[in-house]
Amino acid sequence: MVELHETYPLQRMTTVRTGGAAELFAAVGTIAELQELLVWANAHDHDVAVVGSGSNLLVADEGVPGLVLHLQRQLAEIETVSGGLRCGGGARMPKAAARTAALGLAGLEFAVNIPGTVGGAVRMNANAYDGALASVLSWVEVVSAQGVARRAPHELGFEYRGSALRAGEVVAQVQFALTDAAPETVRATLAEMRALRHAAQPKGIKTFGSTFKNPPGASAGKLLEAAGLSGLRIGGARLSPKHANFVENVGGASTADIVALMAAARERVLEHAGIALEREVQALGPVSFPWEEASRAG
Ligand SMILES: Cc1cc2nc3c(=O)[nH]c(=O)nc-3n(C[C@H](O)[C@H](O)[C@H](O)COP(=O)(O)OP(=O)(O)OC[C@H]3O[C@@H](n4cnc5c(N)ncnc54)[C@H](O)[C@@H]3O)c2cc1C
């Protein structure tokens with residue numbers, strides 16, 4: 001069986017660099033290994049979670065019970081197939097986008113700005129600059145303790161920054177259907193998208209990207225700025241002065257600091273604009289968001 005690590009630190013596996021350790025951790029390289037571990041975890045009643053690039057993830061400070069998986073080797077490969085690309089769930093989106101430029105394939109350019117894995121992108125229905133993940137997906141191979149199933153995009157329950165994939169359902173492989181294009185056109189689009197992103201977002205900071213989802217017809221970042229929240233700081237966590245919907249770890253932040261900052265910012269936007277922001281960032285382990293607890297209790 002694949003090597004299992006106990007009390008494995010996850011902080012460095014996230015882009016914001018907070019949180020504790022996984023009770024059990026394994027890096028898996030093939031579908032067979034993945035399936036074996038999922039069956040084992042199910043038989044031993046362990047919860048299962050996946051960490052991709054950790055680029056939209058808050059890990060609980062007290063750690064994550066159960067088994068945390070990371071996809072590598074075969075499950076992170078990118079290969080050319082007729083009419084597109086086949087990627088492991090652990091392949092990185094920017095790398096897949098760069099490959100399409102070399103091959104002269106259009107449709108996946110938006111992935112250049114999503115610093116996550118293909119599996120994380122499917123789980124989150126990640127998008128940028130009008131790119132539409134669902135429109136370039138042919139199929140997604142999902143592995144669970146029950147087996148391997150190939151799903152079409154309409155079977156994934158996509159919604160704004162979400163899908164119906166459940167814990168214990170791992171995106172192992174994805175096929176993208178792309179269209180032929182001149183390599184220099186794809187390369188130019190990638191350069192343009194990188195430049196747009198560079199101008200709009202802070203670079204070189206420890207963050208997990210968008211903290212809150214954009215409410216219908218509004219921008220979470222603009223609502224936070226209008227409420228005077230840019231630069232608000234709690235402990236080592238701060239709302240970026242350049243893009244208020246990004247939390248930065250400015251030094252020694254804990255996940256608790258970030259949750260406290262999110263709660264304070266959300267409360268202020270509610271008072272200022274009457275809009276209740278919903279979080280986009282995902283939690284791993286027992287992270288408690290007070291406003292969600294309150295609405296469940298009420
Ligand atoms: C600077 C910055 C810019 C960003 N810009 C964008 C943007 O423009 N658009 C956008 O949509 N997002 C953006 N994000 C957020 C993030 O990159 C995306 O949500 C991305 O899809 C997350 O992928 P990941 O591999 O990092 O997933 P993680 O953060 O590791 O995990 C996110 C969720 O996906 C699950 N998951 C991960 N891998 C798998 C898998 N193989 N199978 C099943 N579930 C899995 C995790 O368990 C977790 O629930 C940005 C983030 C940063 C830091």
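Which of the 32 residues around the ligand come nearest? In this predicted model, the answer is a run of glycines: Gly52, Gly116, Gly119, Gly120 and Gly209. As for the elements behind the shell, those that give two or more residues to it are E3, helix H3 (118-124) and strand E11 (170-177). H3 has the largest share, with five residues. Sorted by class, the shell holds 15 nonpolar residues, 16 polar ones and one charged residue. Domain 1 (5-73) and domain 2 (78-200) both chip in residues, so the ligand's shell lies between them.

E3 also turns up in a sheet. Four strands make up this open sheet, in the order E1-E2-E5-E3 and with mixed pairing. Strand E1 (5-9) and strand E3 (48-50) sit at the edges, each pairing on one side only. Going from strand to neighbouring strand, the turn averages 45 degrees, direction ignored. Strands of a sheet pair through backbone hydrogen bonds, and they can do so parallel or antiparallel. For E3 and strand E5 (residues 64-71), the sense is parallel, over three bridges. Within that pair, Val48 stands opposite Leu67 in E5.

Then there is helix H1, spanning residues 31-43, which lies across strand E2 (21-28), E3 and E5. Its direction makes an angle of about 150 degrees with E2. E3, then, has a part in several places: it is an edge strand of the sheet, it is one of the strands that H1 lies across, and it gives two or more residues to the shell around the ligand.

Technical notes
Residues are numbered from 1 along each chain as its sequence is written. This is a predicted model: local features need pLDDT of at least 70, side-chain atom pairs count only at pLDDT 80 or more; totals for chains, interfaces and linings use all residues. Two strands pair if DSSP finds at least two bridges between them. Axes are lines fitted to C-alpha atoms, for helices over the stretch in contact, and angles run from 0 to 180 degrees between N-to-C directions. Two residues are in contact if their C-beta atoms, placed from the backbone, lie within 7 Å. A residue is near a molecule or strand if its C-beta atom, placed from the backbone, lies within 6 Å of it. Ala, Val, Leu, Ile, Met, Phe, Trp, Tyr, Cys and Pro count as nonpolar, Asp, Glu, Lys and Arg as charged, and the others, Gly among them, as polar. Domain bounds come from an automatic or database domain assignment.
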